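The following report describes a single protein chain, moving from its overall form to its core and then to selected local features. The sequence and the structure come first.

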Amino acid sequence: MLIGAHVSPAGGPAKAIERGRERGCRAIQIFNQSPRQWKPTVYADEQVAAYHEARRGSRVDALLIHAVYLLNAATTDKDMRDKTRTSLIASLQAGDALGAHAVVLHAGSAKTGAVKPAIKRAGKVIREALSESENCPLHLENTAGTGGTLGRSFEELAGLLDASGDDPRLGVCLDSCHMLASGFEIRTAEALTAVLDDCEAAVGKNRVGSLHLNDSQTPLGSNRDRHADPGEGEIGADGCAVFLSEPRFDGLPCVMETPGPDKHGPTPEQVQFAKDLRRRGLAKRRRAARAA
Ligand SMILES: [Zn+2]
Ligand SMILES: [Zn+2]
């Protein structure tokens with residue numbers, strides 16, 4: 001598992017690699033545009049070259065690009081839909097240029113409308129965006145289930161993948177906080193195994209391609225998206241250790257999108273803590289296997 005953190009892309013993507021290095025990250029995640037503005041970023045050739053050089057000299061092996069939260073691929077509003085498509089295309093093209101592991105997307109919200117047609121609308125925008133970009137995978141993230149957000153269940157994720165043409169570039173990003181908040185008990189190895197069996201049955205094998213490790217400030221099934229630092233929330237250190245040591249997650253990038261002690265995101269100590277929790281989780285699984 002490539003453990004890391006969401007970092008700022010200020011100063012360009014090479015700087016983001018630098019921030020990842022400082023934190024001991026094996027994977028990083030960035031926004032490729034300002035999270036509050038509809039202004040897609042196109043990286044200049046020099047920025048792309050500097051990024052690749054920085055990455056070669058680092059232990060950062062995976063980049064995730066998180067599409068910004070303004071996007072709503074399921075919208076009924078034409079202007080919003082056009083802006084969402086344009087932004088998603090820019091993210092995927094940035095992912096192509098930077099050799100990203102994937103773009104991660106919250107598919108959107110049905111707001112107060114019906115879910116099925118919303119999934120259809122989102123699928124159309126996603127298909128169009130994939131056709132305007134080359135190779136970069138697109139991972140649809142499970143949501144906490146707040147309001148009409150799509151992707152709260154594996155059935156909804158499966159519906160979104162299907163509506164998006166089941167393109168081989170499509171995958172799923174699982175966020176631990178969102179899972180707990182949307183009602184999935186994931187805090188023991190047995191519970192997580194059962195949840196992932198259901199996930200595979202719905203979306204298919206090997207569709208989970210990236211992970212977000214966030215603890216949750218709010219309880220199981222609360223449908224609220226409030227990230228906590230690992231070990232400081234309802235999932236707890238033991239629950240995070242379970243998530244981090246899950247065999248089906250081996251080799252995947254897993255980034256924290258947590259507040260950090262000073263609200264500046266995960267610190268080097270927290271990245272190390274997550275690595276320690278993975279080791280703790282693996283040891284516990286080995287002990288359980290021996291005892292069985
Ligand atoms: Zn997330
Ligand atoms: Zn979240």
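## Loops, core and helix packing

Asn206 is found in the loop that runs between helix 7 (189-203) and strand 7 (208-212). The model is a predicted one, and in it the phi of Asn206 is near 60 degrees, a positive value in a residue other than glycine. Most residues other than glycine have a negative phi. Asn223 also has a positive phi, of about 55 degrees, although it is not a glycine, and its place is in the loop between strand 8 (215-216) and strand 9 (227-228). A positive phi of about 75 degrees is taken by Gly24, just after helix 1. The two asparagines are set side by side below.

| Residue | Phi | C-beta atoms within 10 Å | Exposure |
|---|---|---|---|
| Asn206 | near 60 degrees | 10 other C-beta atoms | exposed |
| Asn223 | about 55 degrees | 16 C-beta neighbours | partly exposed |

Turning to the chain as a whole, its secondary structure comes to nine helices and ten strands. For 292 residues a compact globule would have a radius of gyration near 19 Å, and the 18 Å of this chain agrees with that expectation. The C-alpha trace spans about 55 × 45 × 35 Å along its principal axes, and buried residues make up 51% of the 292 residues. Among the contacts with a separation of 6 or more, 77% are accounted for by residues 24 or more positions apart.

The largest nonpolar core has 85 residues, and those with the most contacts inside it are Ala27, Ile28, Val103, Ala122 and Cys254. Helix 4 (residues 115-131) gives the most to this core, with seven residues. When neighbours within four places in sequence are left aside, Ala122 is in contact with Ala73, Ala74, Ala107, Gly108, Leu150, Leu160 and Ala163.

Val115, whose place is in helix 4, counts as partly exposed because it has 15 C-beta neighbours inside 10 Å. With neighbours within four places in sequence again left aside, Val115 is in contact with Ala110 and Leu150. Val115 and Thr149 are 34 residues apart in sequence, while their C-alpha atoms are 9.0 Å apart in space.

In helix 1 (residues 13-22), the buried residues are Pro13, Ala14, Ala16, Ile17, Arg19 and Gly20. These buried residues pack against two strands and two helices, namely strand 1 (2-6), strand 2 (27-31), helix 2 (45-56) and helix 3 (78-98).

Two packed helices are described by the angle between their axes and the distance between the axes. Helix 8 (residues 236-244) and helix 9 (residues 268-291) pack at an angle of about 80 degrees, with their axes 7 Å apart, and that angle makes helix 8 roughly perpendicular to helix 9. On the side of helix 8 the contact is formed by Ala237, Cys240, Ala241, Val242 and Leu244, which meet Ala274, Leu277, Arg278, Arg280, Gly281 and Lys284 in helix 9. The residues of this contact divide into seven nonpolar, one polar and three charged.

Terms used: Residues are numbered from 1 along each chain as its sequence is written. Chains are lettered from A and ligands numbered from 1 in the order in which they are written. This is a predicted model: local features need pLDDT of at least 70, side-chain atom pairs count only at pLDDT 80 or more; totals for chains, interfaces and linings use all residues. A nonpolar core is a set of buried Ala, Val, Leu, Ile, Met, Phe, Trp, Tyr and Cys residues joined through C-beta atoms within 7 Å. A residue is buried if 20 or more other C-beta atoms lie within 10 Å of its own, exposed if 12 or fewer, and partly exposed in between; C-beta atoms are placed from the backbone. Helices (H or I, at least four residues) and strands (E, at least two) are DSSP runs, numbered from the N terminus. Two residues are in contact if their C-beta atoms, placed from the backbone, lie within 7 Å. The radius of gyration is taken over C-alpha atoms; the globule rule is 2.2 Å times the number of residues to the power 0.38. Axes are lines fitted to C-alpha atoms, for helices over the stretch in contact, and angles run from 0 to 180 degrees between N-to-C directions. Angles under 35 degrees count as roughly parallel, over 145 as roughly antiparallel, 65 to 115 as roughly perpendicular and the rest as oblique. Ala, Val, Leu, Ile, Met, Phe, Trp, Tyr, Cys and Pro count as nonpolar, Asp, Glu, Lys and Arg as charged, and the others, Gly among them, as polar.
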